[in-house]
Amino acid sequence: IMIKIQDNVSVTIISLLLLISTFYGFMFVLDPFANSFLERSGQEASATTINMMGNVGWIYLAMGLGYMMVLIAPAEQSTVFIRFMVLGSFISLIRMIDLYANAEGDVIYGPLIATALVFIGNAYVYNRLKMKVGVFL
């Protein structure tokens, strides 16, 4: 069996995060899809917003790879990957908050909200799989 984690709820959450991060990663990285996303949301595609979406897209693609590694690695080894996902999503959330605090003009808050939800999902799975060592979160 390829999936090494035995907790079905955690596997479901990680699989959803994998699917969402890969989908949104490609959508945010590729400019035509990012422009289409912005047009449908009613926002104008400013250079700042496209840049922010591209940054978030690359982070999501990297996290999608990490989620895949969490699913296929044994539980003892996947601790490293999920810990990185929690820390990486927290750093990207702080970075997004800083970018949005300094942004000029109209921006869409979708990437900021999505980044916050990814951090919350990562922290929940990290705690649910009892990978907590010390006082990390």
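Glycine 54 is in helix 3, where helices (H or I, at least four residues) and strands (E, at least two) are DSSP runs, numbered from the N terminus. At 13% relative accessibility, glycine 54 counts as buried; buried means under 20% relative accessible area, exposed over 50%, and partly exposed in between, with a 1.4 Å probe and protein chains only. Leaving aside neighbours within four places in sequence, glycine 54 is in contact with Phe28 and Val29, contact being heavy atoms within 4.5 Å. Now look along the chain to glutamate 104: the two residues are 50 apart in sequence, and their C-alpha atoms are separated by 17 Å.

A quick word on what we have on screen. This is a predicted model, so to speak of local features we need pLDDT of at least 70, and side-chain atom pairs count only at pLDDT 80 or more, while totals for chains, interfaces and linings use all residues. Residues are numbered from 1 along each chain as its sequence is written, and side-chain values use heavy atoms, with hydrogens and water left out.

Let's step back to the whole fold. How many helices and strands are there in the protein? There are five helices and zero strands, so reading from the N terminus the elements run α-α-α-α-α. The radius of gyration is 16 Å, close to the 14 Å that the globule rule gives for 137 residues, so the protein is as compact as a globular protein of that length. That radius is taken over C-alpha atoms, and the rule is 2.2 Å times the number of residues to the power 0.38. Along the principal axes, the C-alpha atoms fill a box of roughly 45 × 30 × 20 Å. Among contacts with a separation of 6 or more, 70% are between residues 24 or more positions apart.

On to the inside. Of the 137 residues, 39% count as buried. The largest nonpolar core has 32 residues, and those with the most contacts inside it are Ile5, Ile14, Phe28, Tyr67, Ile82, Tyr100 and Val118. A nonpolar core here is a set of buried Ala, Val, Leu, Ile, Met, Phe, Trp, Tyr and Cys residues joined through side-chain atoms within 4.5 Å. Two or more residues come from each of helix 1 (8-29), helix 2 (31-40), helix 3 (47-72), helix 4 (75-102) and helix 5 (110-128). Which helix gives the most to this core? Helix 3 does, with nine residues. In soluble globular proteins, nonpolar side chains tend to be buried together.

Let's zoom in on isoleucine 5. Beyond its neighbours within four places in sequence, isoleucine 5 is in contact with Ser10, Val11, Ile14, Val70, Leu71 and Leu129.

Next, please find threonine 115 in helix 5. Is threonine 115 buried or exposed? With 3% relative accessibility, threonine 115 counts as buried. Not counting residues up to four places away in sequence, threonine 115 touches Val56, Tyr60, Ser89, Ser92, Leu93 and Met96.

Finally, the outside. Lysine 4 lies in the segment before helix 1 and is partly exposed, with a relative accessible area of 35%. Apart from neighbours within four places in sequence, lysine 4 is in contact with Leu71, Ile72, Ala73 and Pro74. One of those partners, isoleucine 72, belongs to helix 3 and is partly exposed, with a relative accessible area of 35%. Met2, Ile3, Leu65, Met68 and Ile72 make a nonpolar surface patch of about 450 Å².

Key
Patches are made of residues with over 30% relative accessible area and no salt bridge: like charges are joined within 9 Å, nonpolar side chains (Val, Leu, Ile, Met, Phe, Trp, Tyr) within 5 Å. Accessible areas come from the Shrake-Rupley method with a 1.4 Å probe; for residues, only the protein chains shown count as cover. A salt bridge is a side-chain nitrogen of Lys or Arg within 4 Å of a carboxyl oxygen of Asp or Glu.
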